[in-house]
Amino acid sequence: MESRIDRLRDRLLAEKDSEADAILVTDEVNVRYLSGFTGDSSWLLVQRDGKATLLSDRRYETQIASECPTLNAAVRPPTQKMPELLQEVVTDARLGEVAFEAEHVTVAQLAGWRDLLKDMAWTQTAGWVETLRLVKDASELEIIQRSIDVAQRTFRSVVPKITRRMTERDIAHEFEATMRHLGAEGFSFDAIIAVQPSGALPHYRPADTSLDRCQGLLIDWGASVDGYCSDLTRTLHVADGNLASSDRYRRAYETVLSAQLAAIDCIAGGAKARDVDTAARSVIDAAGLGDAFKHGLGHGFGLQIHESPRMGPLAEETLLPGMVVTVEPGVYFEGEFGIRLEDDVLVTETGCRVLSDLPKGLSDSAVFL
């Protein structure tokens with residue numbers, strides 16, 4: 001955590017357009033990333049001289065001592081408000097200008113700070129910590145792999161137990177219970193459990209729809225382990241069902257799989273995110289299904305399920321070694337079916353490493369309900 005704080009301080013020192021004495025980090029995810037503190041309602045002040053102070057309240061005294069034993073902490077009593085604690089800390093430090101995360105501070109918050117600290121200058125910043133979070137360090141990669149492993153073990157455990165008497169919501173509950181049993185905090189996002197034709201809705205939410213007449217089932221899920229996410233999708237079909245025997249379905253499935261593999265082949269440090277998206281989109285376009293691919297190819301993830309970089313037609317990012325991204329092409333036919341395949345991929349200097357390994361061939365996706 002100290003190295004992360006040092007990197008943020010270096011960014012502060014290197015900023016040519018500002019002579020801020022410190023940066024105030026108020027986004028809870030960014031505070032966690034920098035400090036290791038997993039509580040809420042706390043801010044982190046990082047000064048030019050390298051001193052970092054966690055501003056919190058007395059509910060978290062013991063937790064701070066446990067999670068951040070080397071970090072300076074300023075803890076307010078119940079009779080003091082957070083802006084008043086901030087006023088006390090910056091006044092004691094004799095700070096004249098403080099940078100803040102403009103994307104995470106409301107107009108009302110900033111106005112309140114200005115009222116309390118009338119001589120203080122405030123400088124807007126955007127994405128400083130998020131930029132640090134783009135490339136995962138070894139400890140993050142280890143946790144992300146554990147999150148993926150839990151998600152995959154859950155899939156392997158639950159899918160064989162699915163029966164036609166179950167509903168989408170039943171399956172979602174079974175997934176979450178199994179993940180928690182395996183050590184996860186729960187889902188890393190609201191899972192998509194969609195009986196066809198609801199799989200044609202990319203952001204569908206589980207309902208009480210029964211699998212009684214199910215021909216296909218799209219499952220998009222992920223586990224949260226020690227705060228870090230995973231994100232996977234598999235599309236299943238009944239082996240001897242009408243959907244599986246349809247040339248239209250088989251062609252669509254094989255096209256999505258080919259598109260995903262083509263995109264993964266393009267991933268490497270230095271590759272343009274837009275070009276990776278193009279690799280997948282070109283395969284789907286060539287099959288005449290381009291209009292059915294309705295979203296970008298993938299996104300980064302870590303402490304949050306959606307992080308930079310984004311891989312889509314308008315993406316401007318360059319992939320860097322240590323980034324972790326999803327690769328999730330899909331095609332959707334309203335009222336019929338949807339197919340999406342998603343894996344989690346680590347960018348390396350010379351290529352990539354697929355961190356998830358659930359089978360995904362057409363024959364592998366057959367289930368017997």
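A search of the whole structure, which is a predicted model, finds eleven aromatic pairs. A pair of aromatic rings is described by the distance of the centres and the angle of the planes.

In the pair formed by Phe100 and Trp113, the ring centres lie 6.3 Å apart and the planes meet at 85°, so the arrangement is edge-to-face; the cut-off for that class is an angle over 60 degrees. This pair links distant parts of the chain, with Phe100 in strand S5 (residues 97-101) and Trp113 in helix H5 (residues 107-116), 13 residues apart. Phe100 and Trp113 are both buried. These two residues also belong to one aromatic cluster, which they form together with Trp43 and Trp122.

A further pair joins Phe333 and Phe337. Here the centres are 5.1 Å apart and the planes stand at 55°, so the pair is tilted. Phe333 has a relative accessible area of 12% and is therefore buried, because buried means under 20%. Phe337 likewise counts as buried, at 2% relative accessibility.

Phe333 also takes part in a contact of another kind, since the charged end of Arg248 sits over its ring. A second arrangement of this kind involves Arg281 and Phe293. The distances to the ring centres are given below.

| Charged residue | Ring beneath the charged end | Distance from ring centre |
|---|---|---|
| Arg248 | Phe333 | 4.4 Å |
| Arg281 | Phe293 | 4.0 Å |

Attention now turns to the pockets. The largest pocket has a volume of about 380 Å³. It is lined by 19 residues, of which His203, Asp231, His299, His306 and Glu328 are the closest to its centre. Sorted by class, the lining of this largest pocket comprises seven charged, six polar and six nonpolar residues.

The chain as a whole can be described as follows. Its secondary structure comes to eleven helices and 20 strands. The C-alpha trace spans about 75 × 40 × 35 Å along its principal axes. Of the 369 residues in the chain, 54% are buried, and Phe100 and Trp113 are among the buried residues. Among the contacts in the chain with a separation of 6 or more, 66% are between residues 24 or more positions apart.

Key
Residues numbered from 1 in each chain as written. Predicted model: local features only at pLDDT ≥ 70, side-chain atom pairs only at ≥ 80, totals over all residues. Heavy atoms only, no water. Phe/Tyr/Trp six-rings, centres within 6.5 Å; stacked < 30°, edge-to-face > 60°. Helix = DSSP H or I, 4+ residues; strand = E, 2+ residues; numbered from the N terminus. Buried < 20%, exposed > 50% of the residue type's maximum accessible area, 1.4 Å probe, protein only. Lys NZ or Arg CZ within 6 Å of the ring centre and 35° of its normal. 1 Å grid on protein atoms, 1.4 Å probe; cavity = no way out; pocket = protein on both sides within 12 Å on 5 of 7 lines; lining within 4 Å. Points joined across faces, edges and corners; volume = space filled by probe spheres on them. Nonpolar A, V, L, I, M, F, W, Y, C, P; charged D, E, K, R; others polar. Contact = heavy atoms within 4.5 Å.
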